Amino acid sequence: MKVGRYAVLLAARDSEYVERVYGGYFNVFIAAFGEEGERWDLFRVVDDEFPDMSELYKYDGFVISGSPYDAYGNDYWILKLCFLLQTLDAMEKKVLGICFGHQVLCRSLGGKVGKACSGWDIGLRTVKVVKDLWVPSFLEELDEMPSTLSIIECHQDEVFEVPMGAQVVAFSEKTGVEMFVIGQHILGIQGHPEYTKDILYNIIDRLVDNNSIQRDIAEKAKFGLETAEPDRKSWEKICRDFLKRRQNSSFS
């Protein structure tokens, strides 16, 4: 039986906390999406470490992480990442983009991204799933697909316009495009299905310390985390099913 091979395109450097507690973000992704017997490779694209273009065919799927950088920026590594994503799309390789990854995936394929008019979204957010349109097969695997799902969010940029041919699958009161798909091979998620609460607590504290957010925003986000839970199991299942299912489509 063929062993699945996947790659994480890491667009952020490991925080001291994540390095100490989890051994790095790479391990966080494997814990969320990996399964026994698979091979997962790490490419720190933020440090200009990319997979060899001649080796792309060997992979079953790619995951693009979040990042403190702007997906609409013109840093060399971001432009290089855009080209890689265009190539993977042309190859119809499975690509899962998370937060920054969701935004840069959208940008790469012709959509529009930018600074959110409503400012930071940090903490737990309930997203509404669009169920009356075309449904990708990997979403049908959820038992009684819920109309809403809670997810951890941490972003101040957002997708304004999805690429041609894309389908918006989820939205929220704060963000118009919480999740989008293109065919069966592209999935963007604005929130963080891989995050645990403690990771976000640490990020919130660091954002307060460097004056990126005000203390009242931080306290509101922490209160939300203390009083509710993200639907991590459902989100992890969505991501795993997306990466590992054969490509076929159906209609609801």
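The expected span of a helix is 1.5 Å times one less than its number of residues. In this predicted model, helix 3 covers residues 76–90 and has 15 residues, so a span of 21 Å is expected. The C-alpha atoms at its ends are 21 Å apart, which agrees with that value.

One set of residues in helix 3 is buried: Trp77, Ile78, Leu81, Cys82, Leu84, Leu85, Thr87 and Leu88. Their packing partners are three strands, namely strand 1 (5–9), strand 3 (61–64) and strand 4 (94–98), together with helix 4 (100–108). After helix 3 comes Glu92, which has a positive phi near 55°.

The strands that helix 3 packs against lead to the sheet. Strands of a sheet pair through backbone hydrogen bonds, in either the parallel or the antiparallel sense. Here nine strands form an open sheet with mixed pairing, in the order 2-1-3-4-12-11-10-6-8. Strand 2 (39–43) and strand 8 (148–155) stand at the edges; each has a single partner strand, so one side of each lacks a neighbour in the sheet. From one strand to the next, the twist averages 25°.

Within this order, strand 4 pairs with strand 12 (residues 186–189) in the parallel sense, over four bridges. Leu96 has Leu187 in strand 12 as its bridge partner. Helix 4 packs on the sheet and touches strand 3, strand 4, strand 8, strand 11 (179–182) and strand 12. The direction of helix 4 makes about 125° with that of strand 4. Helix 4 is also among the elements against which the buried residues of helix 3 pack.

Conventions
Residues are numbered from 1 along each chain as its sequence is written. This is a predicted model: local features need pLDDT of at least 70, side-chain atom pairs count only at pLDDT 80 or more; totals for chains, interfaces and linings use all residues. Side-chain values use heavy atoms; hydrogens and water are left out. Helices (H or I, at least four residues) and strands (E, at least two) are DSSP runs, numbered from the N terminus. Buried means under 20% relative accessible area, exposed over 50%, partly exposed in between (1.4 Å probe, protein chains only). Contact means heavy atoms within 4.5 Å. Two strands pair if DSSP finds at least two bridges between them. Axes are lines fitted to C-alpha atoms, for helices over the stretch in contact, and angles run from 0 to 180 degrees between N-to-C directions.
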